[in-house]
Amino acid sequence: MAIRRIFVANRGEIAVRILRTCRALGIETVLGVSEADRASLGARMADRVLCLGPAQPALSYLRVETVVQAALGAGCDAIHPGYGFLSERANLARLCEAEGVIFIGPTADQIEAVGDKLRARAAAEAAGVPVIPGGAAGSPQEAQALAETIGVPLLVKAAGGGGGRGMKLVEQAEDLAATMDMASAEAEAAFGDARVYLERYVRSGRHIEVQVLGDGEGRVIHLGERDCSVQRRYQKLVEETPAPHLPPATRGAMHEAATRFAARLSYRGAGTVEFLYDVPRDAFYFLEMNARIQVEHPVTEAVTGTDLIAEQIAIAEGRGLRLAQADIACDGAAIECRINAEDPARDFAPSPGTVSAVHWPTGEGVRVDTHIVDGAMIPPFYDSMIAKVIAHGPDRAAALARLRTALDGVRIAGVATNLAFQQAVLADPDFAAGGVDTSFLARFLDRAKVAA
Amino acid sequence: MTLTAADVDRIIDLLNASRFDRLSLEMDGLKLDLVRNGAAPVARPAPSPVAVTAPPAPPPPIEVATREAGLVEVRSPLLGIYYRAPRPGEPPFVDIGSRVEPDTIIGIIEVMKLMNTARAGVGGEVVEILARNGELVEHGELLLLVRPDR
């Protein structure tokens, strides 16, 4: 069924991004906004704007019933959830299914299947996708046997812990028994639960993810990978494709594993399978699947020449996959840099306010996805990302040079941003060499502190 | 629905009879651009990947200025379908000329079968009802005008 009118249930740059593709496809748009976003760029672009509620997300963008009521009341035949907010809420997908509105995304069941860590891990194992080796260990003999399969270094983790708490590193196999005793006693004291389990320790890991598209009938293609290892406290700051210096066999195996995982779910729509790449072992492990369009999708679009939002819409219309795997060729390299309204000098505290003047760069291979124009408000209620600057070039060095030139041309007045910080990251010799791991940014920040 | 040639002829007649020089219509995936003879064609801005030249933010909507002074606007507390009466066929909660107290129910706002009551929030006399029965109202939409008690 051809979609004629889409309700965009999001804000910021991704709302603008979705509206742009809808416009190109001749699809009418209705944008749901909060009171704080009535004057946003998206609100000016949409054919119709409906205020969902007050600025606080819980009273507007996160209200499932209000969003569906708005879509129905405005005569929309589909809802695009963007990323964040309601994008991975199974109850939105389910309500859409019940009301006969197309949810541009996977089925409610698929969202639940990938949203539950244990179910997702089981599905990965069933699909023959590697997960991080580990498991529960009862007796010392069992633990010893398990440790031999896992190999050192390994982590002893408290079953009741989490978020980095209750973990102990074992470097030598002979230390295992003593460390487990200690960890177990500490876990009992800290969490009231003495159970521990073992897991392979990845000394140097990279975050590499694979973009997939599925038709919902079991056919899945991949559009290459993205390396998102430049992270601060699990927040991605720079993303690129292809992943630098990845052995070709590993790259191919990752693509195949992601495709297999999604095909097993008969996944529908655009999704991303995330892996932890273990650099010293040249191995990769399934982390999770994100059942939505991702922030960093433009780097994939740049090298593959696709419009992922348009593909999402085509799949939602029941037209299946318009591209075969053989049609996907990755041309050159692309790097994306997130510009956030946050102040690196104040420990990256959000810096909301009014952008008095802004200039975004243009140039060959340069793309800027943003909702920020002169006079734009950055409300304090939402994510601090205000733009993504993406550069594409025939190779990584060219893309990086273009990105650095592009960032030099950015002017943002009125709010503090991480622009200068990002310029420094891109100028770092390790980043320029490519293939940094997820602890790169922490080391970079430590060095900056020492130098200061 | 699609446009037939007769529809287009009729739209052209409407444009000709109007004081407008240009008509741009987008519906159901179809775009129709009509420019009256002699009118300067308006350049359509090419879609650009960078939004650098968007016009400044429009001012917040201002209600009609010719309205009687001192009227209080009663706005919808949430987005939903507005109903003037408790049930179809029953008399409306309030009508023009009705007296309301702050806690008088003035309508129902339905959000996915959940009925929420909207109250006047002011004491006085209803002078105008702007929201239409059974239609979607957004959060903060003007429902009715009340002449408050002096």
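Helices and strands here are DSSP runs, numbered from the N terminus, with at least four residues for a helix and at least two for a strand. Keep that in mind as you click around, and note that you're looking at a predicted model.

**Stop 1: all of chain A**

Start by showing chain A as a cartoon. Its secondary structure comes to 15 helices and 23 strands. The radius of gyration is 23 Å, close to the 22 Å from the globule rule for 452 residues, so chain A is as compact as a globular protein of that length. If you line up the principal axes, the C-alpha trace spans about 65 × 55 × 45 Å. Burial comes out at 50% of the 452 residues. Take the contacts between residues at least 6 apart in sequence: 65% of them join residues at least 24 apart.

Now colour by domain. The assignment for chain A gives domain 1 as 5–104, domain 2 as 134–200 and domain 3 as 205–451. Between the C-alpha centres of domain 1 and domain 2 of chain A, the distance is 46 Å.

**Stop 2: the parallel sheet of chain A**

Select β1 to β5 of chain A. You get an open sheet of 5 strands, ordered β3-β2-β1-β4-β5, with parallel pairing. Which strands stand at the edges? They're β3 (48–53) and β5 (102–103) of chain A; each has a single partner strand, so one side of each is left without a neighbour in the sheet.

Zoom in on β2 (residues 28–34) of chain A, which pairs with β3(A) in the parallel sense over 5 bridges. To see the register, pick A:G32, which stands opposite A:L50 in β3(A).

Next, add helix α3 (residues 64–73) of chain A. This helix lies across β1 (5–8), β2, β3 and β4 (78–80) of chain A, and runs at about 155° to β3(A).

**Stop 3: A:F85**

From β4(A), move along to A:F85, in the loop between β4 and α4 (90–99) of chain A. Check the backbone here: phi is near 40°, a positive value in a residue other than glycine. For background, most residues other than glycine have a negative phi, and most peptide bonds are trans. Is A:F85 buried or exposed? The count is 21 other C-beta atoms within 10 Å, so A:F85 is buried, the cut-off being 20 or more.

**Stop 4: helix α7 and what follows**

Select residues 140–150 of chain A, which make up helix α7, and show A:A143, A:A147 and A:I150: these are buried. They cover an arc of only 60° around the axis, which puts them on the same side of α7(A). The general idea is simple: an α-helix has 3.6 residues a turn, so residues three or four places apart point the same way. Spin to the other side of α7(A) and you'll find A:Q141, A:A145, A:E148 and A:T149, which are exposed.

Step just past α7(A) to A:G151, with a positive phi of about 85°. Then select A:V152 and A:P153, which are joined by a cis peptide bond with omega about -5°. A:P153 sits in the loop between α7 and β7 (154–162) of chain A.

**Stop 5: through domain 3**

Jump to A:R233, in the loop between β11 (220–232) and β12 of chain A. A:R233 isn't a glycine, yet has a positive phi of about 50°. With 7 other C-beta atoms within 10 Å, A:R233 is exposed.

Follow β12 (235–241) to the loop that leads to α9 (248–264) of chain A, and you'll land on A:P242. A:T241 and A:P242 are joined by a cis peptide bond, with omega about -5°.

Now pick out β13 (residues 268–278) and β14 (residues 283–290) of chain A, which run antiparallel and are joined by 7 bridges. The two strands form a hairpin with 4 residues between them, and A:D282 in the turn has a positive phi of about 45°. Look across from A:D278 and you'll see A:A283 in β14(A).

**Stop 6: over to chain B**

Finish with an open sheet of 4 strands in chain B, in the order β3-β10-β8-β5, with antiparallel pairing. β3 (72–75) and β5 (99–100) of chain B stand at the edges; each has a single partner strand, so one side of each is left without a neighbour in the sheet. Select β5(B) together with β8 (residues 124–129) of chain B: 2 bridges join them, and they run antiparallel. The last pair to click is B:R99 and its bridge partner in β8(B), B:E125.

Conventions
Residues numbered from 1 in each chain as written. Chains lettered and ligands numbered in written order. Predicted model: local features only at pLDDT ≥ 70, side-chain atom pairs only at ≥ 80, totals over all residues. Buried ≥ 20, exposed ≤ 12 C-beta atoms within 10 Å, placed from the backbone. Arc of directions from axis to C-beta. Domains from an automatic or database assignment. Rg over C-alpha atoms; globule rule 2.2 N^0.38 Å. Contact = placed C-beta atoms within 7 Å. Pairing = 2+ DSSP bridges. Axes fitted to C-alpha atoms, helices over the stretch in contact; angles between N-to-C directions.
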